[in-house]
Amino acid sequence: MSREKSLELLKLESLLNRVSTHHPLREEMANRLGRLSAGHFGESTAEHYMKYFPGISRQDVRLHDGIQPFQIDTLLISKECLVILEVKNYKGELHFDLDQRKLIRTIDGKIEIFQDPFIQVALQKFQLQRWIKRSGFPSIPIYSFIVIANSNASLTFQGEDLSKRKRVIFAKQLPTHLTKFMENFKGKNVWTDDHLDEFSARIKAEYIPYDSDVMKQYGISKDELNWGVPCPSCRLLGMVRRRDHWLCESCGSKSKDAHLHLLKDHQLLIGDTITNAEFRASTGIGSVKVARTLLNQCCTHNNRHSKARKYTIDLVR
Ligand SMILES: [Zn+2]
């Protein structure tokens, strides 16, 4: 596993610790984190069912189409065709508005609108086609399915395009669905075994480590996050600074260096420099002098004086 990927994992962990529990994309962040923690899809139901596919399956394909990078959760590779699987772990009632191109989810009486997954896979397909052409492989048909991992989700559709309805399937349906789907291609090989091997090797070799600006990715600004020094025991944010330590007013734990966790989160989510004022705003420390002492202990700084001084955090490498 690439180092950059574990950086994405660290960033997501920091983000989840500080984003509101009501944030509409929280579930998506947690899903992504879960997948990264498992290393790949290995543990998921979808992966289990993909074993029925008569070809190769590859998780987390990240390539560059010559203009920009793109990522595909799962790609099924056969001599006849390629199949993109976009796995969604959404719970609740899912309503695909095929005309308005939206996915509306209702859960616990709350309505949320997501990007139309068909738009997402259409772009993935376009970029993959570009990459295949640029890489010198013969053109091959590419199909895509939206896979709903949670078998308790309920699905409704609105719109005229019936072919799209057929492209949304539950993970459980993958074995029968893929087997039936592939029967349409019997004897219509486009690629040879050598193509398969080479393609498989190339997507591995050209894997683009993810430049994971998770804040940008989920459209979150610094002010939306809950700051405060996290308690190492109960994880609650907002330890209070006492003379020479941090105190958790919730569980009574004390810590000498709990602010390092906050600085680490700042480095991962905001950037590797911080000013005295920013540090005070995040930690709730009132005194400029106390903040300066703590920052001097763990950061280096440029020599500019007073307010303009920026401290460099080097806690994540
Ligand atoms: Zn505590």
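**A first look at the chain**

User: New to this one. How many helices and strands does the chain have?
Analyst: There are 11 helices and 15 strands in the chain. Keep in mind that this is a predicted model.

User: Okay, and what does the C-alpha trace span along its principal axes?
Analyst: About 75 × 45 × 30 Å.

User: How many residues are there, and what percentage count as buried?
Analyst: The chain has 317 residues, and 27% of them count as buried.

User: What about contacts between residues at least 6 apart in sequence: what share join residues at least 24 apart?
Analyst: That share is 58%.

User: Let's go to the strands. How do strand 4 and strand 5 run?
Analyst: Antiparallel, with 5 bridges joining strand 4, residues 93–97, to strand 5, residues 102–107. The two form a hairpin with 4 residues between them.

User: Anything about the turn? Which residue there has a positive phi?
Analyst: Arg101, with a phi of about 60 degrees.

User: And what comes after strand 5?
Analyst: Another hairpin, formed by strand 5 and strand 6 with 2 residues between them. Here Asp108 in the turn has a positive phi of about 50 degrees. Strand 6 covers residues 110–115, runs antiparallel to strand 5 and is joined to strand 5 by 6 bridges.

User: So who stands opposite Arg105?
Analyst: Arg105 in strand 5 has Leu94 opposite on the strand 4 side, and Glu112 opposite in strand 6.

User: Switching to the inside. Which residues of the largest nonpolar core touch the most other members?
Analyst: Leu75, Leu76, Val83, Leu85 and Val147, out of 31 residues in that core. Strand 3, residues 82–88, gives the core its largest share, 5 residues.

User: What is Val83 in contact with, beyond its close sequence neighbours?
Analyst: Leaving aside those within four places in sequence, Val83 is in contact with Leu76, Tyr143, Ser144 and Phe145. Apart from the largest core lies another one of 16 residues, including Leu262, Phe279, Ile285 and Tyr311.

User: Why would nonpolar residues gather like that?
Analyst: As a general tendency, nonpolar side chains in soluble globular proteins are buried together.

User: Last topic: at what angle do helix 10 and helix 11 pack?
Analyst: About 100 degrees, with the axes 9 Å apart; helix 10 is residues 276–283 and helix 11 is residues 288–298. The two are therefore roughly perpendicular to each other.

User: Which residues make that contact?
Analyst: From helix 10, Asn276, Phe279 and Arg280; from helix 11, Val288, Ala291, Arg292 and Leu295. They divide into 4 nonpolar, 1 polar and 2 charged.

Definitions and conventions
Residues are numbered from 1 along each chain as its sequence is written. This is a predicted model: local features need pLDDT of at least 70, side-chain atom pairs count only at pLDDT 80 or more; totals for chains, interfaces and linings use all residues. A residue is buried if 20 or more other C-beta atoms lie within 10 Å of its own, exposed if 12 or fewer, and partly exposed in between; C-beta atoms are placed from the backbone. Two residues are in contact if their C-beta atoms, placed from the backbone, lie within 7 Å. Two strands pair if DSSP finds at least two bridges between them. A nonpolar core is a set of buried Ala, Val, Leu, Ile, Met, Phe, Trp, Tyr and Cys residues joined through C-beta atoms within 7 Å. Axes are lines fitted to C-alpha atoms, for helices over the stretch in contact, and angles run from 0 to 180 degrees between N-to-C directions. Angles under 35 degrees count as roughly parallel, over 145 as roughly antiparallel, 65 to 115 as roughly perpendicular and the rest as oblique. Ala, Val, Leu, Ile, Met, Phe, Trp, Tyr, Cys and Pro count as nonpolar, Asp, Glu, Lys and Arg as charged, and the others, Gly among them, as polar.
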